[in-house]
Number of protein chains: 2
Amino acid sequence: MSTNQLKEALDALKETGVRITPQRHAILEYLINSMSHPTADDIYKALEGKFPNMSVATVYNNLRVFREVGLVKELTYGDASSRFDFITTQHYHVICENCGKIVDFHYPGLDEVEHLASHVTGFKISHHRMEIYGSCPECHSKETH
Amino acid sequence: MSTNQLKEALDALKETGVRITPQRHAILEYLINSMSHPTADDIYKALEGKFPNMSVATVYNNLRVFREVGLVKELTYGDASSRFDFITTQHYHVICENCGKIVDFHYPGLDEVEHLASHVTGFKISHHRMEIYGSCPECHSKETH
DNA sequence: TACACTATTTATAAACATTATAAAGTAATA
DNA sequence: TATTACTTTATAATGTTTATAAATAGTGTA
């Protein structure tokens, strides 16, 4: 339930000594309820009704804070701006190269890859990222017309 | 052998009707010989001795051309600028979060993941990307001192 | 080889995302 | 409620990448 997620997120912030401001509350709430994977600008635009004076810098600052606390993951794809994703459980993303839609895709973590990489390169592995690209059913069906 | 790779790359360009200019030749050569994964600016700086009048736009334009022809892959990590990698064989990258070093890591393609993603989401999958993050042996040994 | 055609390069400016700065404001604690 | 340190705001700066138009130079053909 979203309300719980928000509560837990706010608690996590408190424990780290991060102040809860109305802006932070709203950004978190938006991230949790958003089924898309918004850019900083998406968030800024979505909240300008509620916070007409909010600065873009505030959005960026807080996204960085959330990322450092581990609440949010920053996704850097090829396009111009980063996207931000509230972290729930381990999942990957399937991305439509035509319309940009991002769909969550659950898959057991690729532990084996990390182990092998560690063995071959001598790195101490911390994590990995993976995305899958293609065209979504909608775009795909349009193409065939 | 690098000389062969360059020759093949130039042939691939000719077949696509892309003109071979000295700048393109030099950028390709640099990409092939470079064991790092340079940014556009790295390339620009590396070649300014040979081409004092070359524009940054030329580097970007040609990297895009190479990418469209399939000779080069653009890597977008979290940091400010894209990195470019001459495509040889299927491999992934292991990236040091401390010093930024990138090491190639060969691994059989994750076909299974693509199949499952296609099945679950209905996407027509074209490709995927994966990177592995950690700290390299050098950085790691420094940390423990 | 010289010509003509068109792609490419250059130089410059513009666009865009993101970060830095300093002053004003505000959450949290006692 | 007063204090203090953290946040927000407004603004400017930074840095990467793209757009534009004029100058230049590959490439095929005569």
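This report walks through a predicted model of two protein chains and two DNA strands, from chain A to the contacts between chains and with DNA.

Local features are given where pLDDT is at least 70 and side-chain atom pairs count only at pLDDT 80 or more, while totals for chains, interfaces and linings use all residues. Residues are numbered from 1 along each chain as its sequence is written, with chains lettered from A and ligands numbered from 1 in the order in which they are written.

**Chain A**

Let's start with the overall layout. Chain A holds six helices and five strands, where helices (H or I, at least four residues) and strands (E, at least two) are DSSP runs numbered from the N terminus. Read from the N terminus, the order is α-α-α-α-β-β-β-β-α-β-α. Along the principal axes, the C-alpha atoms of chain A fill a box of roughly 50 × 45 × 30 Å. Of its 145 residues, 19% are buried; a residue is buried if 20 or more other C-beta atoms lie within 10 Å of its own, exposed if 12 or fewer, and partly exposed in between, with C-beta atoms placed from the backbone. Among the contacts in chain A with a separation of 6 or more, 48% join residues 24 or more positions apart. Two residues are in contact if their C-beta atoms, placed from the backbone, lie within 7 Å.

**Where the chains meet**

Across the two chains, 33 residues of chain A are in contact with 33 residues of chain B. On the chain A side, β3 (92-96), β4 (102-105), α5 (111-121), β5 (124-135) and α6 (137-143) each give two or more residues, and β5(A) gives the most, with 12 residues. By class, this side has 17 nonpolar, 10 polar and six charged residues. Here Ala, Val, Leu, Ile, Met, Phe, Trp, Tyr, Cys and Pro count as nonpolar, Asp, Glu, Lys and Arg as charged, and the others, Gly among them, as polar.

β5(A) also pairs with β5 (residues 124-135) of chain B, in the antiparallel sense and over 11 bridges; strands pair if DSSP finds at least two bridges between them. His127(A), for instance, has Tyr133(B) as its bridge partner.

**The two DNA strands**

The table sets the surroundings of the strands side by side. A residue is near a strand if its C-beta atom, placed from the backbone, lies within 6 Å of it.

| DNA strand | Residues around it | Closest residues | Element giving the most |
|---|---|---|---|
| C | 26 residues | Ser81(A), Ser82(A), Thr21(B), Met54(B), Thr58(B) | α4(B), four residues |
| D | 26 residues | Thr21(A), Met54(A), Thr58(A), Ile20(B), Ser82(B) | α4(A), four residues |

For strand C, the elements giving two or more residues are α3 (40-47) and α4 (56-69) of chain A together with α2 (22-33) and α4 (56-69) of chain B. For strand D, α2 (22-33) and α4 of chain A and α3 and α4 of chain B each supply at least two. The surface near strand C has 11 nonpolar, 11 polar and four charged residues.

**A closer look at α4(B)**

The 14 residues of α4(B) should span 20 Å at 1.5 Å a residue (times one less than the number of residues), and its end C-alpha atoms are indeed 20 Å apart. Val59(B), Asn62(B), Leu63(B) and Phe66(B) are buried in this helix. They cover an arc of only 105° around the axis (taken from the directions from the axis to the C-beta atoms), which puts them on the same side of α4(B). On the other side, Ala57(B), Arg64(B) and Glu68(B) are exposed. The buried residues pack against α2, α3 (40-47), β1 (72-75) and β2 (83-86) of chain B. After α4(B) comes Gly70(B), with a positive phi near 95°.
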